[in-house]
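Let us walk through this model together. We begin where the two protein chains meet, then turn to the DNA.

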2 protein chains.
Amino acid sequence: MNKKKTPEGTISRLFAYLREVKKLSELGIKTISSSEIGDRLNLSDVQVRKDLGCFGSFGISGAGYDTGELSKSLEKILGKDKQWNICIVGIGRLGSALMMYSGFKKDGLYIAAAFDANPKKIGKVVESIEIESIDNLSKSIQEKKISIAIITTPSEQAQTVADSLVKAGIECIMNFAPVRLNVPDDIKVENVDLSHVLEILTYFASN
Amino acid sequence: MNKKKTPEGTISRLFAYLREVKKLSELGIKTISSSEIGDRLNLSDVQVRKDLGCFGSFGISGAGYDTGELSKSLEKILGKDKQWNICIVGIGRLGSALMMYSGFKKDGLYIAAAFDANPKKIGKVVESIEIESIDNLSKSIQEKKISIAIITTPSEQAQTVADSLVKAGIECIMNFAPVRLNVPDDIKVENVDLSHVLEILTYFASN
DNA sequence: TAGATTGTTAATCGATTAACAATC
DNA sequence: TAGATTGTTAATCGATTAACAATC
């Protein structure tokens with residue numbers, strides 16, 4: 001096995017590099033050094049080179065990186081050349097706010113389906129997406145080639161929903177419900193517990 | 001200086017311990033061991049003892065921890081015995097969803113003010129909070145003893161808002177705008193970039 | 001060639017895990 | 001006393017940082 005798994009921090013930073021380098025490329029700046037990239041993102045030059053080094057060597061000694069080429073390489077590595085279909089499960093306040101949030105599109109993220117268990121909500125249209133019954137979950141996820149799901153249900157339903165999502169073939173879950181989801185190892189879950197983030201801030205406020 | 005700064009991971013876990021131990025205490029269970037706490041949260045017993053050890057010794061050798069006492073100690077350490085007033089700046093879709101989100105209250109987090117720059121929104125009432133002009137920011141934050149701010153403005157305004165917040169005496173910021181805020185070292189910023197979290201998931205989806 | 005900057009190996013740092021003496 | 005479990009010191013692990021030879 002040549003799997004020397006890339007740290008998650010590296011992946012997160014690579015997206016930042018891509019954004020920065022692409023911006024420069026579009027501005028007509030042809031090359032940039034690792035230390036300049038680092039300066040713009042408050043990171044060290046070594047950090048930048050190390051992160052890139054996980055995926056190959058993209059630079060030229062003495063000259064730096066070609067912004068256009070590096071952008072293209074990173075886009076490929078990070079899957080930014082593809083479109084990603086997302087579904088949202090649980091169309092309450094947070095769920096509908098996310099449906100209406102327009103910031104995703106520019107990142108190649110498309111909300112392709114929305115599900116709810118409440119019959120009163122089913123059939124309603126939000127941002128040109130019709131809310132479907134949760135019974136459609138599996139069928140719709142497969143038909144629409146959805147690979148990422150956002151869970152914005154109440155805590156009590158989150159695990160059940162997660163189970164259905166896994167069965168439907170979802171690979172990644174962004175979970176807003178404040179519960180630790182039990183899923184197979186190969187499913188990637190990112191928890192976004194807003195209350196918990198605020199709690200941690202209160203600790204710093206109280207010193 | 002006896003400052004052996006506590007890792008942020010420890011703080012995060014302490015909130016989880018508190019929730020768990022308090023639940024048990026309310027169920028009438030008097031004592032619990034570090035390994036039982038760990039089992040419930042998928043952590044090792046050592047992790048639990050180490051984390052608690054940052055703030056003192058709360059257990060009894062051979063017996064474990066008194067759930068009632070440990071709850072009380074943790075509540076004090078974490079500032080959970082206090083109420084925290086929060087303001088939201090930028091009452092767009094995400095901002096108003098957060099205003100309406102009812103999940104914060106049970107954690108002692110109170111949304112006490114909301115600000116927006118758009119005259120059309122000022123004066124409107126959401127969840128019994130009147131949206132104020134951003135010109136009121138400083139005055140209102142001081143009067144209402146607000147110590148945490150949530151930024152849900154467009155990216156372009158986020159830094160300006162952050163500057164005003166810092167000037168107004170805010171200690172912590174939860175930032176949803178996808179920009180790195182420039183603030184003094186003693187201000188704690190927690191970035192919640194939803195697109196970025198999804199991006200990272202897409203990487204795992206593409207393997 | 002001289003200067004700049006890369007890619008990589010070695011050193012450092014911090015956090016997690018293991019080991020164990022102390023103690024109820 | 002024997003068993004259980006704590007609190008803490010030492011070992012391990014992974015990620016960040018420093019050092020530097022290779023190279024354009």
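Contact here means heavy atoms within 4.5 Å. Keep that cut-off in mind for the helix pairs below. The model is predicted.

Start with helix α8 of chain A, residues 194-206, and helix α1 of chain B, residues 8-26. Their axes come within 10 Å and cross at roughly 110 degrees. That makes α8(A) roughly perpendicular to α1(B), because angles of 65 to 115 degrees count as such. The crossing of these two helices, α8(A) and α1(B), is right-handed.

Which residues in α8(A) and α1(B) meet? From α8(A) come A:H196, A:E199, A:I200, A:T202, A:Y203 and A:F204. From α1(B) come B:E8, B:I11, B:S12, B:F15 and B:R19. The residues of this contact of α8(A) with α1(B) are mixed in class: 5 are nonpolar, 3 polar and 3 charged.

Now find a second helix pair. Helix α5 of chain A and helix α5 of chain B each cover residues 93-100. Their axes lie 9 Å apart, and the packing angle is about 180 degrees. α5(A) and α5(B) are therefore roughly antiparallel to each other. In α5(A), look for A:R93, A:L94, A:A97 and A:M100. They meet B:R93, B:L94, B:A97 and B:M100 in α5(B). By class, the contact of α5(A) with α5(B) holds 6 nonpolar residues, no polar ones and 2 charged.

Next comes the DNA. Take strand C to begin with. The residues around DNA strand C number 22. Nearest are A:S34, A:R49, A:S57, A:G59 and A:Y65. Of the strand C atoms that come within 4 Å of the protein, 61% are in sugar and phosphate.

Individual atom pairs add detail. The side chain of A:S34 has an N or O atom 2.6 Å from a phosphate oxygen of DNA strand C. A:G59 uses its backbone: an N or O atom there lies 2.9 Å from a phosphate oxygen of DNA strand C. Chain B takes part too. A polar backbone atom of B:S61 is 3.4 Å from a base oxygen of DNA strand C.

Which elements supply at least two residues each to the surface near DNA strand C? In chain A they are α3, β2 (59-60) and β3 (64-66), and in chain B, α3. This surface near DNA strand C has 8 nonpolar, 10 polar and 4 charged residues.

Turn now to strand D. Around DNA strand D there are 23 residues. The closest are B:S34, B:R49, B:G59, B:G62 and B:Y65. Of the strand D atoms within 4 Å of the protein, 60% belong to sugar or phosphate, and the rest to bases.

Two side chains reach phosphate oxygens of DNA strand D. One is B:S34, with a side-chain N or O atom at 2.6 Å. The other is B:Y65, with a polar side-chain atom at 2.7 Å. B:G62 instead places a backbone N or O atom 3.1 Å from a sugar or linking oxygen of DNA strand D.

Both chains build the surface near DNA strand D. Chain A brings α3 (45-53), and chain B brings α3 (45-53), β2 (59-60) and β3 (64-66); each of these gives two or more residues. Which element gives the most to the surface near DNA strand D? That is α3(A), with 4 residues. By class, the surface near DNA strand D has 8 nonpolar, 10 polar and 5 charged residues.

Methods. Residues numbered from 1 in each chain as written. Chains lettered and ligands numbered in written order. Predicted model: local features only at pLDDT ≥ 70, side-chain atom pairs only at ≥ 80, totals over all residues. Heavy atoms only, no water. Near = heavy atom within 4 Å. Polar contact = N/O pair within 3.5 Å; in protein donor to acceptor, adjacent residues only side chain to side chain. Nonpolar A, V, L, I, M, F, W, Y, C, P; charged D, E, K, R; others polar. Axes fitted to C-alpha atoms, helices over the stretch in contact; angles between N-to-C directions. Parallel < 35°, antiparallel > 145°, perpendicular 65-115°, else oblique. Left-handed = near helix turned anticlockwise from the far one by under 90°.
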